[in-house]
Each structure stands twice: as structure tokens, then as C-alpha cells.
Amino acid sequence: MPIQHFAPPPHVKAPPLSFATRVGDLLFVSGIPGFDASGALPDGFEAQFANVVVNIRRVLDEAGATFRDLVKVNVLLTRASDVAAMNALYAGAFGPPPYPARTTCVVQALPRPEMLIEIEAVASLAR
């Protein structure tokens, strides 16, 4: 079964990875932090969350999927104080119910100290 790779946008300086990889009917979306269209990382949690959603949507669109195709989402936060805000923002971005399965972890750090959130996901492309 061939593997299809989806590259990061050209303006984003990414580590050596694919933003997503498709194998069969599954799309694995790499952990995506909250970089904006220019590759900058805004200061606030809400802005970073919004950018994560835009970036995940772009990857899903490129693969022919939508948020309704997500089956599993992993959310990494660097501050426990952002959990309530994340839940509220997540409900609007990933809804309406039913939502994908989800794990939320508060981690000590992400690759850059100013990163407040990173989300990775798995989508089903079976139709």
C-alpha cells in the first residue's frame, strides 16, 4: 500500500517531518503548533489555538477530509490553566457532537518555550 506524504506549508520552518501521512484510508496528522500564516507564533493561547485549527483544516482539505472525518485527537498543552479555555474553543472548532476520541495532556514543555498548544490527529478517509 503506497504512503502519501503532505509537506508543511513553504512559509513554515518545520523539523524533518510530514505534516500528514496517508496510508490506506487513514490520515495521520503530525502534531501542529499554533504558527500563523507567516510562520510566526502569537503570544496568546486563543490565537495559537485558532492557528492550530486553521493548519489542521488545511492539511485535512489537502487530503480530501474534514473535521467530521477525525477519529482521534491528541492535545498537548503546556499550562493546566488553559484546559478550560481549550475545551470551550475545541467544542466550537471540532463540533458539533459527536466529537472524535480525544486525549488531553499537560506537558512540561513543547519544542519552543513559547508554544502553548500542539494537536495531532488521525482521520478516516473511508467513504
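1. In what follows, Lys and Arg count as positive and Asp and Glu as negative, with His and the chain ends left uncounted, and a charge is placed at NZ of Lys, CZ of Arg, CG of Asp or CD of Glu. On that basis, the mean positions of the 10 positive and 11 negative charges of the protein lie 4 Å apart.

2. This is a predicted model, in which local features need pLDDT of at least 70 and side-chain atom pairs count only at pLDDT 80 or more, while totals for chains, interfaces and linings use all residues. Residues are numbered from 1 along each chain as its sequence is written, and side-chain values use heavy atoms, without hydrogens and water.

3. The protein contains 2 helices and 6 strands, arranged from the N terminus as β-β-β-α-β-α-β-β; these are DSSP runs (helices H or I, at least four residues; strands E, at least two), numbered from the N terminus.

4. Buried residues (under 20% relative accessible area, 1.4 Å probe, protein chains only) account for 38% of the 127 residues. Along its principal axes, the C-alpha trace spans about 40 × 35 × 25 Å.

5. The largest nonpolar core, a set of buried Ala, Val, Leu, Ile, Met, Phe, Trp, Tyr and Cys residues joined through side-chain atoms within 4.5 Å, has 30 residues, and Leu27, Phe49, Leu60, Phe94, Ile117 and Ile119 have the most contacts inside it. At least two core residues come from each of E3 (26-33), H1 (45-63), E4 (70-77), H2 (83-94) and E6 (117-124), with H1 supplying the largest share, 8 residues.

6. Leaving aside residues up to four places away in sequence, Phe94 touches Phe49, Val53, Phe67, Arg68, Leu70, Val73, Tyr99, Pro100 and Ile119, where contact means heavy atoms within 4.5 Å.

Technical notes. Buried means under 20% relative accessible area, exposed over 50%, partly exposed in between (1.4 Å probe, protein chains only).
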